[in-house]
Amino acid sequence: MDLYYAEKCSIKNTGKNITGHFIKGDAATELMILQDHWQGKLQMIYLDPPFFTGNAFYFKQRIGEKGWEGDTKYIITHQAYSDQWIDRASFVNMLRQVLTLSHKLLKPEGSLFLHLDYRFSPHARLLMDEIFGEENFLNEIIWAYRTGGRAKRHFSRKHDTILFYRKSNQHFFDPEAVGKPRGPLKRNNMKRQKDKDGRIFWSIRSGGKEYRYYEDSIIIPSDVWDDISHLQQKDPERTGYDTQKPESLLERMVLSTTRQGDWVGDFFAGSGTTLAVAQKNGRKWLAVDKSVFSMYVSRKRLLQLISEGFFVFSDSSLKITNSSDSSNVLYTVSFSDKNTIKVKLVDYSCKQIPCLSNNFLDYVDFWSVGYINSDRYFVQDYTFRTHTNPFIKQELAIPIIEVKSEIAVHIVDIYGKQSLIIIR
Ligand SMILES: C[S@@+](CC[C@H](N)C(=O)[O-])C[C@H]1O[C@@H](n2cnc3c(N)ncnc32)[C@H](O)[C@@H]1O
């Protein structure tokens, strides 16, 4: 089922203004299907796959107002994804398939960033040489960070490796877009001066020549990125999804390799960092992730950013049910005026433990009302909690559209279960 979201989405919309598309599914499988429509269309792809750690990774789900206000008793943990493999070969196989299919989706001016760490980056470099061609290698970027914990038997491992390859020598690269002004920091052995136009510079003489460094000139980052920190525990960007990367890291990659309106791909979308950065900067995005929690987290993140156009979340496992088969959801429907219908949730029961609240709305993480037309759900109104607004609405409104289509309610609960129910 395809779910279309926008401020107020017309059901006549044919999909021409799509600014983003998220597909819940396995990357290799979905990329095979995407080849028909998307070959040669993406300007940039960022891939942040599992790192072959042998671990499971989690999503922290906040519950009700209390959870969203920070009470840690009202947080439950779900496994978001597993990074456990039968052997190294099965991991290589997955990565090879995704990289080969990603390469085909890129434009000739396009490029790809592959984010890994010490466990797999040497192997991945050879894989990338094979698929992209050695001559298309651009950088081995070192993202160095300061996180807690020090190793005792070797030097602490405090960097990730991001391999940067182009599709061809026509690749687009605009490093100035991510440059930073040199700034007023004091420089040893240099003199601070003003030129005749009033611009401040620092100068040094060497070999009879004067070298000037203007404070307002732009410094372009090298391939060692040590100025971007990992997200802190209480960082407002945090979504509760393990392995979430900072937006500033993605900004550097997106802004240096794409222009406004370009398509950016991320096929291990996680918490939706790439999509959020693309959306904020006027780029369009195509995303895949097999975790249901990645879909829920990314959707809420993107819905807080959308201003124009609309985006689609596709989830083939989501089936339409009839209200008679959905005894756990109770709602009332009323006309508020001749143009609007109001849908009110009056009960939602999920038979799961632990029982953390007596308020049924605390079990609802997200819900929306909309129309179903030709196997597409066009969302008209939605509600969910955020840190700044920890309340979820009990009633949503839907305009009456004169087209033969069915009204439906979509509910996602805090345990990750979702239902799409036709209202009779
Ligand atoms: C390291 S996380 C990505 C984090 C992301 N960059 C962010 O900032 O939140 C890896 C993601 O890959 C997803 N994943 C793992 N194997 C996958 C596969 N075969 N197909 C699609 N997604 C997969 C996981 O569900 C997880 O969300």
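**Exercise 1. Getting an overview**

Among contacts in the chain between residues at least 6 apart in sequence, what percentage join residues at least 24 apart? Work this out for the predicted model, then describe the chain as a whole.

*Solution.*
- Start with the contacts: 69% of those between residues at least 6 apart in sequence join residues at least 24 apart.
- Next, take the secondary structure, where the chain has seven helices and 25 strands.
- For the extent, the C-alpha trace spans about 85 × 55 × 45 Å along its principal axes.
- Finally, look at burial: 51% of the 424 residues count as buried.

**Exercise 2. Domains and the core they share**

List the domains, describe how domain 1 and domain 3 meet, and find the largest nonpolar core.

*Solution.*
- The domain assignment gives domain 1 (18-174 + 226-307), domain 2 (180-218) and domain 3 (320-422).
- Taken over C-alpha atoms, the centres of domain 1 and domain 3 are 31 Å apart.
- Contacts join these two domains, with 20 residues of domain 1 touching 18 residues of domain 3.
- Now turn to the largest nonpolar core, which has 50 residues; Tyr5, Met253 and Trp285 have the most contacts inside it.
- Helix α7 (residues 292-303) gives the most to this core, with six residues, and at least three residues come from each of domain 1 and domain 3.
- Tyr5 makes a good case to follow by eye: leaving out residues up to four places away in sequence, its contacts include Arg299, Leu303, Phe310, Phe366, Tyr382 and His410.
- Apart from this core lies another, of 41 residues, with Leu47, Ile131, Leu163 and Val288 among them.
- As background, nonpolar side chains in soluble globular proteins tend to be buried together.

**Exercise 3. A covered helix**

How many of the 11 residues of helix α5 (residues 247-257) are buried? Name some of them.

*Solution.*
- Nine of the 11 are buried, so the helix is mostly covered, given that buried means under 20% relative accessible area.
- Among the buried residues are Leu249, Leu250, Met253, Val254 and Leu255.
- The buried set also includes Glu247 and Arg252.
- Met253 appeared in Exercise 2 as one of the residues with the most contacts inside the largest nonpolar core.

**Exercise 4. The second largest pocket**

Give the volume of the second largest pocket, and say what lines it.

*Solution.*
- The pocket holds about 530 Å³ of space.
- Its lining has 18 residues, and His21, Ile23, Leu34, Trp38 and Ser314 are the closest to its centre.
- Two or more residues come from each of β1 (2-5), β2 (18-24), α1 (27-38) and β17 (310-314).
- Of the elements, α1 gives the most, with five residues.
- By type, the lining divides into nine nonpolar, four polar and five charged residues.

**Exercise 5. Two loops**

Where is Leu356 found, and is Leu356 buried, partly exposed or exposed? Then examine phi for Ser374 and Asp375.

*Solution.*
- Leu356 sits in the loop between β20 (340-348) and β21 (364-373).
- Leu356 counts as partly exposed because its relative accessibility is 23%.
- Beyond residues up to four places away in sequence, Leu356 touches Ile63, Lys73, Tyr74, Ile76 and Tyr363.
- Moving on, Ser374 lies in the loop between β21 and β22 (376-384), and so does Asp375.
- Most residues other than glycine have a negative phi.
- Here, phi is positive, near 45° for Ser374 and near 60° for Asp375.
- Ser374 counts as exposed because its relative accessibility is 62%; Asp375, at 52%, counts as exposed too.

Technical notes. Residues are numbered from 1 along each chain as its sequence is written. This is a predicted model: local features need pLDDT of at least 70, side-chain atom pairs count only at pLDDT 80 or more; totals for chains, interfaces and linings use all residues. Side-chain values use heavy atoms; hydrogens and water are left out. On a 1 Å grid over the protein atoms alone, a cavity is a set of points where a 1.4 Å probe fits but cannot get out, and a pocket is an open set with protein on both sides within 12 Å along at least five of seven lines; lining residues have an atom within 4 Å of a point. Grid points are joined across faces, edges and corners, and a volume is the space filled by probe spheres set on the points. Helices (H or I, at least four residues) and strands (E, at least two) are DSSP runs, numbered from the N terminus. Ala, Val, Leu, Ile, Met, Phe, Trp, Tyr, Cys and Pro count as nonpolar, Asp, Glu, Lys and Arg as charged, and the others, Gly among them, as polar. A nonpolar core is a set of buried Ala, Val, Leu, Ile, Met, Phe, Trp, Tyr and Cys residues joined through side-chain atoms within 4.5 Å. Buried means under 20% relative accessible area, exposed over 50%, partly exposed in between (1.4 Å probe, protein chains only). Domain bounds come from an automatic or database domain assignment. Contact means heavy atoms within 4.5 Å.
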